[in-house]
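Q: Hey, I'm new to this one. Can you walk me through it?
A: Sure, here it is.

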Amino acid sequence: MNLTAGFASLEGTARYSGAHAAAKGHYRQSQGLTFSSVGMGSYLGETDSAARAAYADATLVALQSGINVLDTAANYRDQASERDLGAGIARFLAAGGRRDEIVVASKAGFIHGDCDEPDGDAWFDATFLDPSAPVLLPGDVVSGHSLAPRFIERQLDRSRANLGLACLDIYYLHNPEHQLEWGISESAFYDRIEAAFEALERAVDAGKLRMYGVATWDGLRAGPEEKGHLSLVKLVHHAGAARMKAGGKASEHHFRAIQLPVNLVMTEAFLRPGQPFRFGAQTILAAAKELGMVVMSSASLMQMRIAGRIPPEYAMALGTRGDAATALQFTRSVPGVTTALVGMGRPEHATANAAFATSHAPDSGTVKTLLGTGSIHGA
C-alpha cells in the first residue's frame, strides 16, 4: 500500500492558518505547530455507505475551511472513522492541499473489530490470535483493553494504513486508566505504560509518528485519591525512561500531548488542582502548560447531552446563539486548551463549525468569570 509521506510542520501549519480567514485566537501554537481551535472528532456514527460517504465529505469540507486538526481511533466505528477520514484526506491532497498543513491524531488501546469484514470472529482470530505470530498473549488484555507493546505497534501500523499516511502527528494511548480501574496495581500499570512508551519512542525513530500522548476520560480529571488517577509527573518520568531505553536522553522524550474532556459540565481540568506537580498541586491544564504540551479537549459538546440545559446567561456572556455554539465557544475559550474536538459526521457540521470559528473569537476572560476564577478582563 502506498502511504502519503510527510507530517505536520511549523511552515506548513503556519501556511495553512495564513490561507484561511479566522477570528483572532482561532489558531494557536504548540510544539512548533499551528492548530485550529476547533478540531474534527470522529467517535460516533453508523457504518453504512451513506454515513461513511458523509464522513469523508465532512473531512474534506473541514480541511478546506480552516480546520486543520483531525482526531480519530481504530476502535471508532470499528475502523470506519480512520478509513473515512483517510478518504477525505486523500481528496484534500488531490485538490492541492499539503500534508504538512494538517495535524492528524489517532489512538490505540481498545480491542475492536473491522466494519468491512463480514465474519468478525474469523477476522479477530486471524488478526490478533494467529498462533504463528500472536499479537495478544494471555495477560495482555484487561477488560477489552491492551497496552502490550506488540499490540500498540500493530495498531499504529493499522492506523497509518487506514488513514493512508506514512507518519501520524500524534498517537495516543487510549484511556490507559481503564486498566487501573479494572484492578491492575499502580506499579504494574506504570511498568506497562513505560513499555508502551518505549514502543512509541522507537516508532518516532522509525518515522511512523512525531509525538505521542495519553487520551483519557477519567484519568487526568481524577484526584490522587481516586482509583483511576493518572499522574502527569509519573507519565513524564516513564517517558524519559522509555526514551533512554530506545536510545537517547530522558529530556528528549516525545510524550508531548494529552487529551481529556473539557466542557460546561466537566470543568475539572481548569478548576481542580489534582496533579501533584513541582511545588504544589496544580490543575492538569496548568501543569501541561508548564510542560509545553498540546492539550486536546474531547466531549466538547458532551454529545449534545447538555442541550436544553445550558443557562441562558452563558449564551449572553459568550455572545452565542444555540446550545452547540455556546458549548463550543466555552470549551475552546478555556485557558490552556489547544484544540476543542467536535464530532463532524456530516459536511454541514464541518461548514457550521468552520463558519463559527471565522465569526467568533475565543474569550478566556469570560470563561474565567463564568467559572468564578477571574474578572471579565481575564485577571
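What follows is a short chat about cysteines, a strand and some salt bridges.

Q: Before we start, what kind of model is this?
A: It's a predicted model.

Q: Okay, how many disulfides does the count come to?
A: Zero.

Q: What about Cys115, how accessible is that residue?
A: Cys115 counts as partly exposed, because its relative accessibility is 26%.

Q: And Cys167, buried or exposed?
A: Cys167 is buried, since its relative accessibility is 5% and the cut-off for buried is under 20%.

Q: Switching topic: which way do the residues of strand β3 point?
A: Strand β3 covers residues 38–41, with Val38 and Met40 pointing one way and Gly39 and Gly41 pointing the other way. All four of these residues are buried.

Q: Which strand is β3 joined to?
A: Strand β12, residues 339–343. The two run parallel, and four bridges join them.

Q: What stands opposite Gly39 there?
A: That would be Leu341 in β12.

Q: Now salt bridges. How many does the count come to?
A: The count comes to 23 salt bridges.

Q: Let's pick one. What does Arg202 form a salt bridge with?
A: Glu198, and the closest N and O atoms are 2.8 Å apart.

Q: How are Arg202 and Glu198 placed in helix α7?
A: They sit four residues apart in α7, which spans residues 186–205, so about one helical turn separates them. Arg202 itself counts as partly exposed, at 41% relative accessibility.

Q: Got it. What about Glu225, which residue does that one form a salt bridge with?
A: Arg272, again with the closest N and O atoms 2.8 Å apart. Glu225 lies in the loop between β7 and α8, and Arg272 in the loop between α9 and β9, so this pair ties together parts that are 47 residues apart in sequence.

Q: Is Glu225 buried or exposed?
A: Glu225 counts as exposed because its relative accessibility is 61%. Its partner Arg272 is partly exposed, at 29%.

Q: What's the story with Arg278 and Glu290?
A: Their side chains meet in a salt bridge, 2.6 Å from N to O. Arg278 lies in the loop between β9 and β10 and Glu290 in helix α10, so the pair ties together parts that are 12 residues apart in sequence. Arg278 is exposed, with a relative accessible area of 55%, whereas Glu290 is partly exposed at 41% relative accessibility.

Q: Last one: which residues are linked in a network of salt bridges?
A: Arg52, Arg77, Arg83, Asp84, Asp114 and Asp116 are linked that way.

Notes:
Residues are numbered from 1 along each chain as its sequence is written. This is a predicted model: local features need pLDDT of at least 70, side-chain atom pairs count only at pLDDT 80 or more; totals for chains, interfaces and linings use all residues. Side-chain values use heavy atoms; hydrogens and water are left out. A disulfide is a pair of cysteine sulfur atoms within 2.5 Å. Buried means under 20% relative accessible area, exposed over 50%, partly exposed in between (1.4 Å probe, protein chains only). Two strands pair if DSSP finds at least two bridges between them. A salt bridge is a side-chain nitrogen of Lys or Arg within 4 Å of a carboxyl oxygen of Asp or Glu.
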